[in-house]
Amino acid sequence: MNKIVFVILQAALQMAGSTSLRLIKPNVVALEVSNLSSFAVLLHCGEQYGVEEIYWERNGESISQTGNLITVIIDGLHGGNFTCHRPNRDLLNYTLLLVHPVEFPKGVLIQSSDRELISCTARNYNGQFHCSWKWHQERIQRAVVYFTAIRNSSPINCTLDSDISGLTCIDTDYCQYSEESRSINLTLFIRNLYRLEEHHRTFLIRDIVKPDKVSITKIQDDVFEWHPPETWSFPCSFFPLSYEVKVVPNNHSCDYTGSRVEKNETNETHYKVKFKKAYTFCVRAQDPLTKKVWGDWSHHQQRKHRHTSEK
C-alpha cells in the first residue's frame, strides 16, 4: 500500500516560525515545527485512485472532508492517524502524522543514573551491546516509532526489547582483536500520543564495556577468591580485568562510603580482609585499558558464626 502524499501549507493564522515534513518510515510522517501554532496539511490519498469517491477518517472517526485531496488543520501536538476509504469502508491508504517540536525540551524520556537519556553497555568485546531508556511515568501512551544503529555507513542488526525500553544489537562486522576506529551512531524515534521525539547516542564499544558480576569463592576465614565473569572475553592475557575490593561494616551496601571502610584496587583475584568485626566483602571488575565503566558489585556477608553470599 502506497503512503499518503503530504504537502504542507502554512496556515493563515501562522505568522512566524518554520515547518517541514519528514518521512520517518513508510506510512509515518513527522511535521517538524518550531512552535505549537496551527498548520494546514494537504493530504493526498493516492494518484492511482483518480476521481474515486473517497472518505476520510482521523483516529478512527469520520471527518467532513471528502475526495482524493483534502486539507486538515494540525493544532499544537494534535497529530493523528489518517485513513482514506471507499464508500464501502474498504481501506485505500493510511499515514500516521506525528508532530515533532524540534526546539522544545525533551519530555517523553527521563535521565538514567548516568545522566543519559539513552544508556548503552556491552558485557564484553564480542560486538553485542544493549541500549536502554526510561519512560516518563506520566507518558502512558508511548511507543517506539523507529530505530537504527549504523557504523561506517553499515547498518547494525538491532531488536527491540519486549518492554519497549531497550534495544539488543550485534555488530557482526566488529573484530574484538583490532583497534576500534569508527563510532556507532544510534538514532531512536519515540512518541507519546502524537508527539514525536528524536534521540541520538554515539559511542565506541570500548567506551561502554561493563563487565558482569564476578563469582566470589570463600577459601577460608577472611580470605576470598573470585573469578572473571563467564561472559568476559578471553584470553585474559589479551582482555585483562582489574578489580575494586571494598569491605564495609555488616548490613551496609557496597556503595557505603562512611567510616570503617577498607578499599583497594588490584589485578589479583584474591584478597585477605583485615576487618575484625562482621563485614560485607565487595568486589567488582573493570577493563583497565579503558577505565570507563565499573561492573556491578558482587558481595559476601561475613558474620561470626555463619555467612551468606550473593554473586
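Two strands pair if DSSP finds at least two bridges between them. In this predicted model, β14 and strand β15 (residues 154-155) are joined by two bridges and run antiparallel.

**Strand pairing around β14**

Within the pairing of β14 and β15, I150 stands opposite P155 of β15. The two strands form a hairpin with two residues between them, and N152 in the turn has a positive phi of about 55 degrees. β14 also runs antiparallel to β18, to which nine bridges join it. In that pairing, F189 of β18 is the bridge partner of Y146.

**The four-stranded sheet**

An open sheet of four strands has the order β11-β12-β17-β16, and its pairing is antiparallel. The edges are occupied by β11 (119-121) and β16 (157-160), each with a single partner strand, so one side of each is left without a neighbour in the sheet. On average, neighbouring strands of this sheet are turned by 20 degrees against each other, direction ignored. Five bridges connect β12 and β17 in the antiparallel sense; H130 has T168 in β17 as its bridge partner.

**Domains and nonpolar cores**

The domain assignment of the protein gives domain 1 (18-101), domain 2 (109-207) and domain 3 (215-302). Between the C-alpha centres of domain 1 and domain 3 the distance is 58 Å.

The largest nonpolar core has 42 residues, and F129 and F281 are those with the most contacts inside it. Among the elements that each supply at least two residues of this core are β12 (128-132), β14 (142-151), β18 (184-192), α1 (205-208) and β25 (279-286). Domain 2 and domain 3 both give residues to this core, so it lies between them. Leaving aside its neighbours within four places in sequence, F129 is in contact with several residues, including I156, L167, C169, I184, F203 and I208. A second, separate core of 18 residues includes V33, F39, V41 and I70.

**Disulfides and unpaired cysteines**

The structure holds four disulfides. When the bonded cysteines of the protein are numbered in sequence order, the pairing is 1-2, 3-4, 5-6, 7-8. Three of the links are listed here.

| Disulfide | S to S distance | Torsion about S-S | Hand |
|---|---|---|---|
| C45 to C84 | 2.1 Å | 75 degrees | right-handed |
| C120 to C131 | 2.1 Å | about 110 degrees | right-handed |
| C254 to C282 | 2.2 Å | -85 degrees | left-handed |

The disulfide of C45 and C84 links distant parts of the chain, 39 residues apart: C45 is in the loop between β4 (38-44) and β5 (55-58), and C84 is in strand β8 (residues 80-85). Buried means under 20% relative accessible area. At 0% relative accessibility, C45 counts as buried, and C84 counts as buried at 0%.

C120 lies in strand β11 and C131 in strand β12, so this disulfide ties together parts that are eleven residues apart in sequence. C120 counts as buried at 6% relative accessibility, and C131 counts as buried at 0%.

The disulfide of C254 and C282 also links distant parts of the chain, with C254 in the loop between β22 and β23 (262-266), C282 in strand β25, and 28 residues from one to the other. Both C254 and C282 are buried.

C175 is in no disulfide; the nearest cysteine sulfur is that of C236, 18 Å away. C236 is likewise in no disulfide, and the nearest cysteine sulfur to it is that of C175. C175 is partly exposed, with a relative accessible area of 37%, and C236 is partly exposed at 33%.

Methods. Residues numbered from 1 in each chain as written. Predicted model: local features only at pLDDT ≥ 70, side-chain atom pairs only at ≥ 80, totals over all residues. Heavy atoms only, no water. Core = buried A, V, L, I, M, F, W, Y, C linked by side-chain atoms within 4.5 Å. Buried < 20%, exposed > 50% of the residue type's maximum accessible area, 1.4 Å probe, protein only. Domains from an automatic or database assignment. Contact = heavy atoms within 4.5 Å. Axes fitted to C-alpha atoms, helices over the stretch in contact; angles between N-to-C directions. Disulfide = S-S within 2.5 Å.
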